[in-house]
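Biologist: I have a new structure open and do not know where to look. Can you teach me to read it, feature by feature?

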Amino acid sequence: MTSAAAPGLCAGRVVVITGAGRGLGRAHARAYAAEGARVVVNDLGVAADGSAAAATGDAGGPAHEVVEEIRAAGGEAIAHGGDIATSEGAASLIRTALDTYGRLDTLVNNAGFLRDRMLVNLDEDAWDAVLRVHLKGHFLPLKYAGTHWRAEAKAGRTPHACVVNTSSGAGLLGSVGQGNYSAAKAGILGLTLVAAAELAPYGVRVNAIAPAARTRMTEQTFADTMAAPEDDNFDAMAPENVSPLVVWLGSTASAGVTGRVFEAEAGRITVMEGWRPGPTADKGARWTPAQAGETALKLLAEAEAPGAVYGAR
């Protein structure tokens with residue numbers, strides 16, 4: 001990581017990142033700091049399945065380690081160990097940025113974990129836990145950050161604020177064995193579109209990424225694909241490959257970009273175009289079931305085939 005002392009793309013900005021103790025979040029935090037941002041590093045320190053066995057909160061752990069890395073490189077950062085899927089934790093996260101640095105410019109929602117099961121084996125607790133951390137854990141920090149930015153705009157201090165949400169290929173196309181995760185990540189896409197529209201009058205832009213990288217959530221399930229190269233070749237699955245786009249989206253350089261979804265993997269960036277109308281038939285009157293079925297089959301024959309089903313990303 002280069003020194004954050006020199007001016008960069010995010011010089012002077014204050015960035016809050018959830019789930020920033022490891023993997024993608026850690027890479028984002030270090031990349032923002034390298035571009036001059038002051039960073040609030042949130043991480044609860046839980047295990048890969050969200051269990052509390054590895055939880056450390058404010059007492060230490062991965063968030064504090066990332067803060068020390070940033071400070072050692074000349075940057076500014078502070079750790080936050082609250083649970084952002086609770087109102088208290090999310091409000092505390094935003095307060096930490098404001099109390100420590102006096103402002104908030106960018107929110108990166110990244111926290112999450114996996115509890116994979118086929119649908120017939122997926123219990124209610126695993127469903128609720130994954131929806132809670134991914135979807136509710138996006139909503140609550142966004143709510144409290146948005147409330148602050150709305151107040152700023154109404155006071156005549158319209159911000160140049162940015163939100164970067166983290167979805168997944170599983171949210172775009174589904175993923176076998178990940179019904180809870182796929183549903184949560186698809187929900188994040190819907191939330192992104194609504195937030196982009198609702199917060200635009202207050203100077204807030206909201207975008208989402210669907211990254212693929214080597215993290216605790218992928219390195220076991222997709223060991224061969226995610227393995228680091230043994231030579232000096234480009235490490236395509238390094239989480240640091242995703243961070244440059246996330247930093248740009250959280251900077252003033254991305255002015256005018258909102259309500260968009262990007263795939264980011266290795267050296268590739270793709271603008272996703274979402275659900276768009278395909279082949280259509282209009283009878284101008286009510287179909288019979290047989291007619292509706294016959295028409296649907298004709299339209300399907302003209303339509304593009306669905307994309308591949310993803311793994312966890």
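What follows is a short walk through the model, from its overall build to single residues.

Modeller: Keep one thing in mind from the start: this is a predicted model.

Biologist: Start with the overall build. How many helices and strands are there in the protein?

Modeller: The protein has nine helices and eight strands. Its chain has 313 residues, and 48% of them count as buried. The accessible surface is about 14900 Å². Carbon and sulfur atoms own 54% of that surface.

Biologist: What share of the contacts join residues at least 24 apart in sequence?

Modeller: Take the contacts between residues at least 6 apart in sequence. Of these, 71% join residues at least 24 apart.

Biologist: Now the inside. Which residues touch the most other members of the largest nonpolar core?

Modeller: The general idea first. In soluble globular proteins, nonpolar side chains tend to be buried together. Here the largest nonpolar core has 29 residues. I17, A29, Y32, V39, V41 and I70 touch the most other members. Several elements supply at least two residues each, among them β1 (14–17), α1 (23–34), β2 (38–42) and α2 (62–72). β3 (76–80), α8 (243–249) and β7 (261–265) do so too. There is also a second, separate core of 22 residues, including L93, I94, L142 and V163.

Biologist: Take one core residue. What does V41 touch, leaving out residues up to four places away in sequence?

Modeller: V41 touches I17, A20 and A29. Its contacts also include A63, V66, V67 and I70. A77, I78, A79 and H80 complete the list.

Biologist: Next, strands. Is β6 enclosed or open?

Modeller: Check how many of its residues are buried, meaning under 20% relative accessible area. In β6 (residues 204–212), nine of the nine residues are buried, so the strand is largely enclosed by the rest of the structure. Now check each face. V204, V206, A208, A210 and A212 are buried on one side. R205, N207, I209 and P211 are buried on the other.

Biologist: Which strands pair with β6?

Modeller: Strand β5 (residues 161–166) pairs with β6 in the parallel sense, over six bridges. There, V164 has N207 as its bridge partner. β7 also runs parallel to β6, joined by five bridges. In that pairing P211 is matched with A264.

Biologist: Do β7 and strand β8 run parallel or antiparallel?

Modeller: β7 and β8 (residues 268–272) run antiparallel, with five bridges between them. One bridge pairs V261 with M272. The two strands form a hairpin with two residues between them. A266 sits in that turn and has a positive phi of about 55°. Note that A266 is a residue other than glycine.

Biologist: On to charges. How many salt bridges does the structure hold?

Modeller: Side chains of opposite charge can pair when their charged atoms come close. This structure holds ten salt bridges. R268 pairs with E265, with the closest N and O atoms 2.8 Å apart. R268 counts as partly exposed, at 36% relative accessibility. Salt bridges that share partners also join R26, R30 and E69 into one network.

Biologist: How far apart in sequence are the partners E68 and R71?

Modeller: E68 and R71 are three residues apart in helix α2, about one turn of the helix. Their closest N and O atoms are 3.6 Å apart. Now set beside that the salt bridge of D83 with R132, where the closest N and O atoms are 2.6 Å apart. D83 lies in the loop between β3 and α3 (87–101) and R132 in helix α4, so the pair ties together parts 49 residues apart in sequence.

Biologist: Last, the surface. Which residues make the nonpolar surface patch?

Modeller: M118, V120 and V176 make a nonpolar patch of about 350 Å². M118 is in the loop between β4 (106–109) and α4 (124–154). M118 is partly exposed, at 45% relative accessible area.

Biologist: Is H148 in helix α4 buried or exposed?

Modeller: H148 counts as buried, at 18% relative accessibility. Beyond its neighbours within four places in sequence, H148 is in contact with L98 and L104. E124 is also in helix α4. But E124 is exposed, with a relative accessible area of 61%.

Key:
Residues numbered from 1 in each chain as written. Predicted model: local features only at pLDDT ≥ 70, side-chain atom pairs only at ≥ 80, totals over all residues. Heavy atoms only, no water. Patch = residues over 30% accessible without salt bridge, like charges linked within 9 Å, V, L, I, M, F, W, Y side chains within 5 Å. Areas by Shrake-Rupley, 256 points an atom, 1.4 Å probe, with all protein chains shown as cover. Salt bridge = Lys/Arg side-chain N within 4 Å of Asp/Glu carboxyl O. Helix = DSSP H or I, 4+ residues; strand = E, 2+ residues; numbered from the N terminus. Buried < 20%, exposed > 50% of the residue type's maximum accessible area, 1.4 Å probe, protein only. Core = buried A, V, L, I, M, F, W, Y, C linked by side-chain atoms within 4.5 Å. Contact = heavy atoms within 4.5 Å. Pairing = 2+ DSSP bridges.
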